[in-house]
Amino acid sequence: MVLLALSLLLLSGCSQIPKDPVPESSASPEPAQQTKPPAEQQQPDSTHPSGEVGEAGEAGNQAPEKDPVSSPPSDDQKPESTPPAPQKSAEALWMAVGDIMMHMPQLPGAYNEKTKTYNFEGFFKQVKPILEQGDWTLANLETPIAGKSLGYSGFPRFNAPTELGDALKYAGFTTVTTANNHALDRGAKGIDLTLEKLEKLGFETKGTARSKAEADRIVLAKRKGIAMGLLAYTYGTNGIPLPKGQPYAVSLIDEAKIISDIQKLRNAGADFIAVVLHFGVEYQTQPNDAQKTLARKLIAAGADIIAGAHPHVVQPYEMVEATNPDGTVRKGLIIYSMGNFISNQRGDSKDYGVIYKVKIHKDGATGRTTLKDVEAIPTWVHRTRNNGATQYAIVPLQQAIEAKSLKNLGASDYSDLKRMYSQLMKRIKSMSGQPFKLTG
Ligand SMILES: [Zn+2]
């Protein structure tokens with residue numbers, strides 16, 4: 001009962017809810033105070049609520065000067081004890097992309113000799129206008145960003161400059177998941193430093209943790225009156241064992257655990273649930289049976305969107321129909337793999353990715369959420385040489401083909417891109433005929 005009341009209190013203003021809220025004075029590992037400058041807090045009606053900015057505006061019942069993440073609930077945030085009046089219908093845009101990778105050749109072109117810092121904004125400049133449309137925009141960060149102190153490296157054990165985090169913020173991402181096979185490439189220290197940086201930047205995160213409490217915390221990201229529950233898991237960590245005494249460090253795929261986590265999110269008030277899964281087999285362009293079985297089971301268990309990645313190539317999406325206990329039908333979306341969003345991998349479509357856009361509609365009368373207008377926007381990593389270093393830029397494929405504005409590309413390059421675009425669209429839509437009907 002007490003726990004339920006606390007959850008409700010926190011729900012009114014929090015995007016990341018610690019399961020067991022701690023008093024402000026205790027040693028919280030979350031130094032989130034500096035993440036939201038006062039100026040941002042004063043723009044509650046921003047159409048693009050990056051991080052938690054937009055939430056302060058839409059809920060309307062909390063004091064904006066308070067930090068919604070780290071402050072304990074206060075009396076003025078208490079919801080009414082009577083049932084809330086029927087709400088207005090709401091709509092918000094959910095977006096996601098695939099793997100954010102950092103191979104060593106991606107570094108030199110982003111380095112500034114004078115300031116001795118990196119700037120990766122160029123990777124994202126051309127897709128920023130699309131990513132910024134999302135109320136939630138998710139990325140899978142497939143490398144620690146533990147910075148120089150732990151040494152930079154690419155495959156097979158990655159570690160990237162912390163500036164990659166800044167570039168993700170610049171690009172318009174709001175939410176970064178970290179459960180993937182490279183999560184432990186710099187051990188527990190790498191996880192600490194990565195989460196510290198992401199937290200400073202105000203991202204919602206899920207998938208790795210510095211404590212049991214952090215691993216167990218409920219992540220509800222509220223936008224325009226709609227609460228997304230977020231979960232993230234990986235099939236493994238490339239054989240690197242979980243740090244001693246820290247089995248919570250990386251969330252591993254465990255069907256029963258995921259189903260119980262979905263239930264917890266529902267009970268905590270999630271309007272829809274996105275489960276980010278790092279799974280599948282590298283370079284396979286179609287999902288295997290294990291992916292299909294797991295993803296469909298999770299939709300049946302109450303997940304609404306499965307956002308997959310890891311194969312480094314794009315795999316299709318499919319709609320799934322599940323019947324609720326009351327007989328109504330709920331539609332879920334499974335995206336099997338979104339490919340590489342940014343990487344140095346080339347050939348066999350490894351240099352292509354996809355941005356997904358899904359409208360989330362919440363009906364005011366029933367409180368039910370539905371998914372609408374699934375849109376897949378294929379992207380390509382364009383590379384150019386500049387002063388001996390390679391520059392990388394993610395480009396929206398169709399736009400690039402139409403504008404023919406990319407440097408150093410000739411007519412035959414454009415016809416290759418055109419061919420790849422239609423091949424990718426065909427692949428992406430190859431399972432999008434009749435919705436898959438879950439039985440039993
Ligand atoms: Zn992976």
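A residue is taken here as buried if 20 or more other C-beta atoms lie within 10 Å of its own, exposed if 12 or fewer do, and partly exposed in between, with C-beta atoms placed from the backbone. The model is a predicted one, so to speak of a local feature takes a pLDDT of at least 70 and a side-chain atom pair counts only at pLDDT 80 or more, while totals for chains, interfaces and linings use all residues. Residue numbers start from 1 along each chain as its sequence is written.

First, the overall picture. The protein has twelve helices and 18 strands; these are DSSP runs numbered from the N terminus, with helices being H or I runs of at least four residues and strands E runs of at least two. Of its 440 residues, 45% count as buried. Contacts (C-beta atoms, placed from the backbone, within 7 Å) reach well along the chain: of those with a separation of 6 or more, 74% link residues 24 or more positions apart.

Next comes helix H10, residues 289–300. Its twelve residues reach 16 Å from first C-alpha to last, close to the 16 Å expected at 1.5 Å a residue, the expected span being 1.5 Å times one less than the number of residues. Gln291, Leu294, Ala295, Leu298 and Ile299 are the buried ones in H10. They cover an arc of only 135 degrees around the axis, so they sit on the same side of H10; the arc is that of the directions from the helix axis to the C-beta atoms. On the face turned away from that buried side, H10 carries the exposed residues Asp289 and Thr293. The cover over the buried residues includes helix H9 (255–267) and strands S10 (272–278), S11 (305–309), S12 (314–323) and S13 (329–338). Just after H10, Gly302 takes a positive phi of about 120 degrees.

Then there is the core. Nonpolar side chains tend to be buried together in soluble globular proteins. Here the largest nonpolar core (a set of buried Ala, Val, Leu, Ile, Met, Phe, Trp, Tyr and Cys residues joined through C-beta atoms within 7 Å) has 100 residues, and Val275 and Ile306 have the most contacts inside it. Strand S9 (residues 226–234) gives this core its largest share, seven residues. Leaving aside residues up to four places away in sequence, Ile306 touches Val275, Leu277, Ala295, Leu298, Ile299, Ile334 and Ile335.

Strand S2 (residues 90–100) is mostly covered too, with eight of its eleven residues buried. Strands count as paired if DSSP finds at least two bridges between them. S2 runs antiparallel to strand S15 (residues 352–362), joined by seven bridges, and Met95 stands opposite Lys357 there. Five bridges tie S2 to the parallel strand S5 (residues 136–141), where Leu141 is the bridge partner of Ile100. Strand S14 (residues 340–342) also runs parallel to S2, with two bridges; Asp99 faces Asn340 in this pairing.

Helix H7 (residues 187–200) has 14 residues, which at 1.5 Å a residue should span 20 Å, and its end C-alpha atoms are indeed 20 Å apart. Its buried residues are Gly190, Ile191, Thr194, Leu195, Lys197, Leu198 and Glu199, with helix H6 (163–171) and strands S6 (175–177) and S7 (204–206) among what covers them.

Last, Ile401 is found in helix H11 (residues 397–403). Ile401 counts as partly exposed because it has 19 C-beta neighbours inside 10 Å.

Terms used:
Contact = placed C-beta atoms within 7 Å.
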